[in-house]
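Please examine the sequence and the three-dimensional structure shown below. The explanation after them is intended to be read with both in view.

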Amino acid sequence: MNMMKILLTTLMLFSFSYAKHSFKTYDDMCEKIDTQECTNNVDQVRNLQIALNADKNLNLNLKTDGKWGDNTKAAVLKFQKHHNLTPVAGYVGAKTKRQLDKVSKNIKFPKNKKVASSKSSSSKSSSSKSYKCYADFRKSTNLKKSFKVFKDRSLLSKANGKNTQLKVDVSEQRVRLYVDGKVALCSPCTTGAKRKFEPNTKIYRDKRTPKGTFKITEKISDKRSTIFGKFYRNGKIVYKGDRRKYRGPKAKYKGASLKNWMRLTSSGIGLHASKYVKRHPGTNGCIRLPFKVAKTIFSKVNTGTKVSIVS
């Protein structure tokens, strides 16, 4: 009887020392630069590192310290590439978390600690440097490759919607917000791809963002796309992409999230927030903006604000 009590006590202590979890319940994890939104909770990043080390296909030996850094990002990229997860961007989002759950189902993770979120060293380096003016930023930054964001807070504070305009440079993949004719913000963006592959039709289509001068005709802070999204049947995704091309049985449609939506054309071209901002064209025609940038621009423009799209 005593032996039974000892055994039960041991099993209980063992179970309490490990936390039940699922990666799909975690926040997104990433480099935490201005183009990405994530919390990088110490426990969650530590468990990510443990799961990556456990994947025998990768042959990794990450330090499981719960701190996001270059080595962790490189390991995530390797994981995404090996498991054919797209985009291979080093960002731990929904797809990557689902695959992590598959490869880590037999892992017993340590119990979480009450520790604040980690601060990424790359985040500090990307956002701590300040520039005297836009000319200084432009001179010291490779605008076509860098993810750096320029903000003139003094100018931004003067923006009232009537004195602002936007310019999207397709060749640089950059958006600029002008206040009283001066650059108040300059950020990476992603415009439409010349050859966009449609997974469902297996066809490449020209989705380049139209050039010209437009006006913002609609502003919605939390919009969902009426064209691109996913179809569900019995809780499972049966199709994702352009809803106009769906030919399957009746299913529930859920449009893609378009936070801080700013419409430019009646055909559905606009600016919106996205975690997938790259340094090359890649959208279906819309202009993706980093979350923080989209929120700032959205607050500084009105319907009627002029938007120039140039090459």
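The paragraphs that follow discuss a helix, the loops around it and a sheet. The model is a predicted one.

Helix 3 is a suitable place to begin. This helix has 13 residues, and the distance from its first C-alpha to its last is 18 Å, close to the 18 Å expected at 1.5 Å a residue. Within helix 3, the residues T72, A75, V76, F79 and Q80 are buried. These residues lie on the same side of helix 3, because they cover an arc of only 135° around the axis. What do the buried residues of helix 3 pack against? Their partners are helix 2 and helix 4. The face turned away from the buried side of helix 3 carries D70, N71 and K81, which are exposed.

The backbone just after helix 3 also deserves attention. There, N84 adopts a positive phi of about 55°. A little further along, P87 is situated in the loop between helix 3 (70-82) and helix 4 (94-103). The peptide bond that leads from T86 to P87 is cis, and its omega is near -5°. Helix 4 itself includes A94. Because its relative accessible area is 42%, A94 is classed as partly exposed, a class that lies between under 20% for buried and over 50% for exposed. Although A94 and F23 are 71 residues apart in sequence, their C-alpha atoms are 8.9 Å apart in space.

On the other side of helix 3 in the sequence, the loop between helix 2 (42-54) and helix 3 contains N59. This residue is not a glycine, yet N59 has a positive phi of about 55°. Is N59 buried or exposed? N59 counts as exposed, because its relative accessibility is 72%.

The sheet may now be considered. It is an open sheet of 6 strands in the order 1-4-3-2-13-7, and its pairing is mixed. Strand 1 (150-151) and strand 7 (212-215) form the edges, each pairing on one side only. Strand 2 (residues 164-169) and strand 3 (residues 174-179) run antiparallel and are joined by 6 bridges. Within this pair, Q165 stands opposite Y178 of strand 3.

The loop between strand 3 and strand 4 holds D180. Here too the residue is not a glycine, and D180 has a positive phi of about 55°. Finally, which helix lies across strand 1, strand 2, strand 3 and strand 4? It is helix 8 (residues 291-300), which runs at about 145° to strand 4 (182-188).

Key: Residues are numbered from 1 along each chain as its sequence is written. This is a predicted model: local features need pLDDT of at least 70, side-chain atom pairs count only at pLDDT 80 or more; totals for chains, interfaces and linings use all residues. Side-chain values use heavy atoms; hydrogens and water are left out. Two strands pair if DSSP finds at least two bridges between them. Helices (H or I, at least four residues) and strands (E, at least two) are DSSP runs, numbered from the N terminus. Contact means heavy atoms within 4.5 Å. Axes are lines fitted to C-alpha atoms, for helices over the stretch in contact, and angles run from 0 to 180 degrees between N-to-C directions. Buried means under 20% relative accessible area, exposed over 50%, partly exposed in between (1.4 Å probe, protein chains only). The expected span of a helix is 1.5 Å times one less than its number of residues. The arc is that of the directions from the helix axis to the C-beta atoms.
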